[in-house]
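Work through the two exercises below with the model in view. Try each task before you read its solution.

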Amino acid sequence: MNLPLDQLRARVTAHPHPLIFATISGAHLYGFPSPDSDFDLRGAHILPLPKILGLDIHDETIEISNDPATDPDHLEFDIVSHDIKKFFTLLLKKNGYVLEQLYSPLIIHTTPAHAELKSIATGCITKHHGYHYLGFADTQWKLFSKESPHRVKPLLYTYRVLLTGIHLMRTGQIEANLNILNDSFQLPYIPDLIARKTAGPEQSTLDNADYAFHESEFHRLYALLQTEHERSSLPESPTARSALNDLLIRLRTGC
């Protein structure tokens with residue numbers, strides 16, 4: 001997968017606040033971008049003290065998107081970043097999104113604080129992240145099933161979420177790339193679905209005749225995720241709060 005890393009790095013430098021990291025999420029991270037997929041950039045930034053000491057806090061979350069028609073390289077992307085306090089707070093909850101963003105191997109911008117945060121955040125991974133992936137999978141399946149014709153994209157998202165959740169419950173490790181996940185699961189239909197998504201437009205559709213099969217697979221894998229969640233040996237609660245608090249103070253004060 002050829003990514004325009006230099007061009008995306010140039011866009012990130014325009015962020016209004018210092019970033020501790022920016023990574024690529026979405027279909028590129030999951031291993032099945034279409035030719036017309038945009039780039040989903042995610043990260044964490046540091047608000048200056050005057051921004052957080054007043055009665056009103058601004059820019060806790062910053063969203064920036066572009067118009068590819070006016071972009072010099074015709075890139076289509078969006079950047080969503082959270083202030084470090086908000087990002088750290090999300091890490092302490094059962095939020096798989098921020099873990100996937102933090103550990104994404106598709107790095108646009110990094111700092112020593114990024115490396116330290118990745119080390120600390122292993123203590124944020126708990127058994128209760130299983131609820132995140134169960135809920136996300138259920139949402140994606142409902143999106144897929146209610147459409148006519150059925151699109152390949154939400155189906156792939158459903159399988160990606162299920163396999164990421166099962167893998168996390170078994171190993172305590174974040175893996176969001178469906179190709180890599182399927183090296184272990186060996187689901188024979190995954191490569192074909194990925195090929196159809198990556199070769200065609202974002203709105204590629206599925207034959208209705210395949211719906212019953214995928215419905216059965218969804219329920220099978222959903223039940224497997226529930227089982228792996230119930231018997232997971234991951235901790236019940238995060239252990240990294242103190243270390244995150246220390247890092248937050250050092251980043252905020254520049255010490």
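Two strands count as paired if DSSP finds at least two bridges between them. Keep in mind that this model is predicted.

**Exercise 1. Place strand E2 among its neighbours**

Task: Find which strands bridges join to E2, and which way they run.

Solution:
- Step 1. Start with strand E1, residues 19-25. Six bridges join E1 to E2, and the two run antiparallel. Thr23 has Arg42 of E2 as its bridge partner.
- Step 2. Turn to strand E4, residues 77-83. Seven bridges link E4 with E2, and here the run is parallel. Ser81 in E4 stands opposite Gly43.
- Step 3. Check the cover. E2 spans residues 39-45, and seven of its seven residues are buried.
- Step 4. Sort the directions. In a regular strand, side chains alternate between the two faces of the sheet. Phe39, Leu41, Gly43 and His45 point one way from E2. Asp40, Arg42 and Ala44 point the other way. Both sets are buried.

**Exercise 2. Read the faces of helix H11**

Task: Decide where the buried residues of H11 lie, seen down its axis.

Solution:
- Step 1. Get the length. H11 covers residues 211-231, which is 21 residues. From first C-alpha to last it reaches 30 Å, close to the 30 Å expected.
- Step 2. Pick out buried residues, under 20% relative accessible area. Among them are Tyr211, His214, Phe218, Leu221 and Leu225.
- Step 3. Look down the axis. The buried residues of H11 fall within an arc of 135°, so they line one face of the helix.
- Step 4. Name the partners. These buried residues pack against helices H7, H8 and H10.
- Step 5. Turn to the face away from the buried side. Ala212, Glu230 and Arg231 are exposed there.

Key: Residues numbered from 1 in each chain as written. Predicted model: local features only at pLDDT ≥ 70, side-chain atom pairs only at ≥ 80, totals over all residues. Heavy atoms only, no water. Buried < 20%, exposed > 50% of the residue type's maximum accessible area, 1.4 Å probe, protein only. Helix = DSSP H or I, 4+ residues; strand = E, 2+ residues; numbered from the N terminus. Expected span 1.5 Å × (residues − 1). Arc of directions from axis to C-beta. Contact = heavy atoms within 4.5 Å.
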